[in-house]
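Got a few minutes to poke around a protein model? Take a look at it first, and then we'll talk it through.

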Amino acid sequence: MDILLTHGYFLQEDEAEKRIMKPYPTLGILYISAYLKSKGFHVDIFDSTFQSKEEFRQYIDTVRPSRVGIYVNLMTKLNALELIRYCKSKGVTVIVGGPEIPFYGEEFIKHGADVGVMGEGELTLEELVPHLQKHGATKMQHIHGIIYRETDGTIVRTAERELIQDLDSIPNPDRAAINFHQYIDTWQTNHGRGSASLICARGCPFTCTWCSRSVFGDTHRRRSAKHVVDEIEMLLAEYKPDQLWFADDVFTINHRWFYDFYEEMKKRNMKIPFECISRADRLNEDVLQKMAELGSFRIWYGSESGSQRILDAMQRRVKVEQIQDITQLAQKFGIEAGLFVMLGYPGEEISEIDATITHLKKTNPDTYLTTVAYPIKGTTLYNEVRDSLIINDDWEKITDRTLNFKGRHTERFYWFATRHMVNEVRLHKLMNNERKHVLPLVSSYAKSKVARMGMRLTEKART
């Protein structure tokens, strides 16, 4: 075996994920596996999603790979550090990759990793693996896109690697290397519909201050519409999912591409339910109508705030009214609208939280998800609050999701604010329902008032 690829997502060891039960495979390592195999490498995958850490340790003990590549992100960082420690205790050379590495590469090297891959991994690993086989993890200055420790102890960052321009040249993800049917079955069992994921593009050119683009960059590169529809056709034939999830940052960013995709799907008489992420300013009536024709049942996009001042501070480049109009337009075509809402952005006042609540009532999305802003290293937001960051523990015990910064309200305040918002919006929906039920109305009203009181009691405290 030339390399074992794995990741740190263990579904059964995460109580929050077990409540949701909507797993998708890590497409990044499946792409790398397919690419390396096409170049003649022997690659294995340990797909941790449905397995345990103990099973990973047993696998390492049994297979005894020489090299392990571990994909790491915010959610899996702490698990990945455990995997790194165990692999190193067995003498395995460890390569790490993913969005954490460009900004925390030194820390991962200090905590046991031999090499960090920054950015896209296909071309880098094609060059890196043979070097490791012949020379070990040293004298690698000529390999672009990596970070490693030289024999004298110096940590070296090599030159940036160019991004892959022709995405059609990359083989489809190596789904056959894992138990992909288990993902379909898990969705089917828990939600009544089997679901499969795919991506049509890499990179995002938009400027949202809190969003990390550390792997695919701020460019935008698309696969051809034919290449994507070929993959969909294969997915339907091989795995028979009931729906698809397009995991692109902005699915309809390029309207010319979308119309090509539409025509390719119609030419093959293909239609399947799907959901995706887009932006209010990259949707219009014609695009929404065609999405509905192809089977779109839900579109997610960022609402973030009902305050235009906060949206502008986020560099969202969208208007509150656009979000309201597009939501209603999507619903006109039978497409559910899912919004992302963010509280706690620097400078946000209580009046702007109230504006977000009013905005949600007016917009009337079918569903929405809330989060409290956190600074991811390398983003504009992180750089803005860098000097006021509150770090309460050692790096290896925390993630950027737990970072806070001075001057804003406490976690307790946002706990109350979120519950006030949720119950206010629910109350509004119940009040506008023709069939009103007293108990839910009373419950939502009481919970909203109690949460608002909690906001008042905690608003003076600042982090």
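Here is a short chat between a visitor and a guide about this predicted model.

Visitor: Is Ser33 buried or exposed?
Guide: Ser33 sits in helix 2, which covers residues 27-38. Its relative accessible area is 0%. The cut-off for buried is under 20%, so Ser33 counts as buried.

Visitor: Which residues is Ser33 in contact with, leaving aside its neighbours within four places in sequence?
Guide: Contact here means heavy atoms within 4.5 Å. With those sequence neighbours set aside, the list for Ser33 is Leu5, Val43, Ile45 and Asp174.

Visitor: What span is expected for helix 4, at 1.5 Å a residue?
Guide: Helix 4 runs over residues 77-89, so it has 13 residues. The rule takes 1.5 Å times one less than the number of residues. From first C-alpha to last, the model's helix 4 reaches 19 Å, close to the expected 18 Å.

Visitor: What do the buried residues of helix 4 pack against?
Guide: The buried residues of helix 4 include Leu81, Leu83, Ile84 and Tyr86. Their packing partners are three strands and two helices by name: strand 1, strand 3, strand 4, helix 3 and helix 5.

Visitor: Which elements give two or more residues to the lining of the second largest pocket?
Guide: That pocket holds about 360 Å³ of space. It is lined by 22 residues, and among the closest to its centre are Met118 and Glu160. The elements that give two or more residues to this lining are helix 5 and helix 6.

Key
Residues are numbered from 1 along each chain as its sequence is written. This is a predicted model: local features need pLDDT of at least 70, side-chain atom pairs count only at pLDDT 80 or more; totals for chains, interfaces and linings use all residues. Side-chain values use heavy atoms; hydrogens and water are left out. Helices (H or I, at least four residues) and strands (E, at least two) are DSSP runs, numbered from the N terminus. Buried means under 20% relative accessible area, exposed over 50%, partly exposed in between (1.4 Å probe, protein chains only). On a 1 Å grid over the protein atoms alone, a cavity is a set of points where a 1.4 Å probe fits but cannot get out, and a pocket is an open set with protein on both sides within 12 Å along at least five of seven lines; lining residues have an atom within 4 Å of a point. Grid points are joined across faces, edges and corners, and a volume is the space filled by probe spheres set on the points.
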